[in-house]
Amino acid sequence: MNVYDAVTSRRAVRGFTDGPVPEDVLRRVLAAAAWSPSGSNLQPWRIYVVTGEPLERLKKLATTRAAAGDPWDEREFELYPTELKPPYSERRAQFGRERYSALGIARDDWEARQRAAIANWDCFGAPAALFCYIDRDLGRPQWADVGMYLQSVMLLLRDEGLHSCPQMAWSQVRKTVADIVQPPDELMLFCGMSIGYEDSSVGYVRTGRAPLEETVTFIGD
């Protein structure tokens, strides 16, 4: 798979088979992703890969907690600005409409929306999950480095025939994740990522992208 195909075929898959992901494949992907750029080579990512019984235990704890309506853990970072201005607010709203439309969920069907949300903490059925932490003392440039690393991981997974879904939702149950992975106190959970083989029977709508002219300006002769 060439790089263009990997980039354009990568998407947040929300339906996986239970086919196991070989550990040697995950090791190969993460070893290659370690070559992602980072300022002064800090390599600020700290990754935990969870599979098998520990992942099943985590899924059960997290989904039970969500279904019971337990209060979320307070995020340690701001996910979106309180006042999200255009065009970002419109893009976020459009994503929500497309996401729930693909699932056949009406705008006011909050029970169905809750069930869909709970699927996050079952990793959408995926047999492998990655949890990305960053040292809480690091700054914004290092968070950008983490983003580049995660993109590398997702593109390399595509080359292996795998799909993924990056999930900020895990930060809402960060204490439950910590019970399983036991990170040092100085680390902060940024996101989780479900990894596996796509279940092609699960319908979806591919979220579009803004026209190039809306996000890119060329300056030259």
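Which residues does Arg65 touch, not counting residues up to four places away in sequence? Keep that in mind as you look through these close-ups, which come from a predicted model.

**Figure 1. Arg65 and the residues around it.** Let's start with the opening question. Leaving out residues up to four places away in sequence, Arg65 touches Asp70, Pro71, Trp72, Asp73, Gln172, Val173 and Thr176. You'll find Arg65 itself in helix H3, which covers residues 52-67. Is Arg65 buried or exposed? Its relative accessibility is 13%, and buried means under 20%, so Arg65 counts as buried.

**Figure 2. Helix H2 crossing helix H6.** Here you can see H2 (residues 23-33) and H6 (residues 140-159), whose axes come within 9 Å. They cross at roughly 140 degrees, and that makes H2 oblique to H6. The crossing is also right-handed. On the H2 side, the contact is made by Leu26, Val29, Leu30, Ala32 and Ala33. H6 brings Tyr149, Ser152, Val153, Leu156 and Leu157 to the contact. Sort the residues of this contact by type and you get nine nonpolar, one polar and no charged.

**Figure 3. The largest nonpolar core.** This core has 25 residues. Which of them touch the most other members? They are Trp121, Phe131, Tyr133, Trp170, Val177 and Val181. Several elements chip in: strand E1 (45-51), H3, strand E2 (128-135), helix H7 (174-181) and strand E4 (187-196) each supply at least two residues. H3 gives the most, with four residues. In soluble globular proteins, nonpolar side chains tend to be buried together.

**Figure 4. Zooming in on Phe131.** Phe131 is one of the core residues that touch the most other members. Setting aside residues up to four places away in sequence, Phe131 touches Arg46, Ile47, Tyr48, Val50, Leu58, Trp170, Val177, Leu189, Cys191 and Gly192. Two names on that list, Trp170 and Val177, may look familiar from the previous figure.

**Figure 5. A second, separate core.** There is another nonpolar core to look at, and this one has 23 residues. Among them are Val29, Ala33, Phe77 and Met154. You've already met Val29 and Ala33 on the H2 side of the contact with H6.

**Figure 6. Gly19 in its loop.** Gly19 is found in the loop between helix H1 (3-9) and H2. What does Gly19 touch, not counting residues up to four places away in sequence? The answer is Pro127 and Tyr197. Gly19 and Cys191 sit 172 residues apart along the chain, and 23 Å separates their C-alpha atoms.

Notes. Residues are numbered from 1 along each chain as its sequence is written. This is a predicted model: local features need pLDDT of at least 70, side-chain atom pairs count only at pLDDT 80 or more; totals for chains, interfaces and linings use all residues. Side-chain values use heavy atoms; hydrogens and water are left out. Axes are lines fitted to C-alpha atoms, for helices over the stretch in contact, and angles run from 0 to 180 degrees between N-to-C directions. Angles under 35 degrees count as roughly parallel, over 145 as roughly antiparallel, 65 to 115 as roughly perpendicular and the rest as oblique. A crossing is left-handed if the near helix is turned anticlockwise from the far one by less than a right angle, and right-handed if clockwise. Contact means heavy atoms within 4.5 Å. Ala, Val, Leu, Ile, Met, Phe, Trp, Tyr, Cys and Pro count as nonpolar, Asp, Glu, Lys and Arg as charged, and the others, Gly among them, as polar. Buried means under 20% relative accessible area, exposed over 50%, partly exposed in between (1.4 Å probe, protein chains only). A nonpolar core is a set of buried Ala, Val, Leu, Ile, Met, Phe, Trp, Tyr and Cys residues joined through side-chain atoms within 4.5 Å.
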